[in-house]
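Trainee: I am new to this structure and would love a close look at one part of it. Could you walk me through it slowly?

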Amino acid sequence: MGPKVWGKEFMHVKARKQRGCTIIQMWSKDICNHFWYCCKTADTYEDFFDRWAGLLHHVTGEHVWALGACQHGPLVEDREKEWIQKGSVAHQRLTEVVLDARWLKSVHKYLHFRSTAELESFHNHILMYASKHFCFSPPMYAARVMLAGLDYNHNVDRPAKRRADGSIQYDKVHNKKSRKWSLYTLKVEKDYSYIVDLESAILRRRLSVTGGLPRTARKRPDNTLQHGVLSGVPAPSTQELLQSQLSRGLGKSLPKN
Ligand SMILES: [Zn+2]
């Protein structure tokens with residue numbers, strides 16, 4: 001059984017199979033999140049197991065027990081979700097699944113799980129400077145990535161944007177996959193004050209070298225721009241395409257004169 005085990009599908013199937021277990025459906029998303037939380041925060045299997053098994057207490061509304069306690073903060077009083085009764089069919093069934101010895105043997109594979117969200121966000125940031133829709137020569141690409149890095153480092157720890165009354169500003173985002181809306185914190189506007197330093201450094205460097213700029217740009221042998229758009233397939237001649245291609249919609253041939 002893989003990580004999918006803790007996805008909605010599995011818990012639904014398991015829950016549907018047995019009377020009195022529909023309540024597990026309400027908890028499946030939280031159980032899935034808790035599994036990944038345990039993997040992310042635990043350094044050893046024992047550590048993982050303590051946190052993971054604590055789930056069986058939490059779902060019953062018990063947050064402190066003989067050998068441990070939940071690590072969450074205070075819970076909201078008027079919660080919609082029902083607790084699962086200790087000793088009920090649903091709780092017994094959940095205990096079997098959570099403590100399944102065969103499955104627990106494979107858990108060590110997931111203990112190295114770490115979220116790559118920040119790395120993905122950094123890669124998206126680089127794409128703003130060096131979009132994949134254009135081709136760049138190697139020095140140009142390197143310069144763009146360095147500019148992206150300077151911008152990122154300069155702005156990564158921006159504080160949250162606040163209204164005049166001091167409250168934090170949020171915006172909503174819709175996730176197509178989970179079909180849910182969620183909030184994210186808006187940050188204060190970016191600050192590009194480092195550009196001025198960069199410009200003066202460029203100017204100083206320019207002033208200190210002897211000789212002027214070349215009048216004509218030399219084409220470097222490693223310049224990828226000379227290859228044009230890279231499709232991976234050589235383009236047929238215009239005449240060949242004119243013979244075979246039909247216009248979209250009406251299916252007529254392209255005008256030849
Ligand atoms: Zn708890």
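Trainee: Which residues in H6 meet which residues in H7?

Mentor: Happy to help! This is a predicted model, in which local features need pLDDT of at least 70, side-chain atom pairs count only at pLDDT 80 or more, and totals for chains, interfaces and linings use all residues. Residues are numbered from 1 along each chain as its sequence is written.

On the H6 side you will find Phe-122, His-125, Ile-126, Met-128 and Tyr-129, and these meet Arg-144, Val-145, Leu-147, Ala-148 and Tyr-152 in H7. Two residues are in contact if their C-beta atoms, placed from the backbone, lie within 7 Å. The residues of this contact divide into 8 nonpolar, 1 polar and 1 charged. Here Ala, Val, Leu, Ile, Met, Phe, Trp, Tyr, Cys and Pro count as nonpolar, Asp, Glu, Lys and Arg as charged, and the others, Gly among them, as polar.

Now for the helices themselves. H6 spans residues 117-129 and H7 spans residues 138-155; helices are DSSP runs (H or I, at least four residues), numbered from the N terminus. They pack at an angle of about 125°, with their axes 9 Å apart. Axes are lines fitted to C-alpha atoms, for helices over the stretch in contact, and angles run from 0 to 180 degrees between N-to-C directions. H6 and H7 are therefore oblique to each other, since angles under 35 degrees count as roughly parallel, over 145 as roughly antiparallel, 65 to 115 as roughly perpendicular and the rest as oblique.

For contrast in wording, look at H3 (residues 45-58) and H4 (residues 89-98), which pack at about 175° with axes 10 Å apart. H3 and H4 are therefore roughly antiparallel to each other.

Notes
Helices (H or I, at least four residues) and strands (E, at least two) are DSSP runs, numbered from the N terminus.
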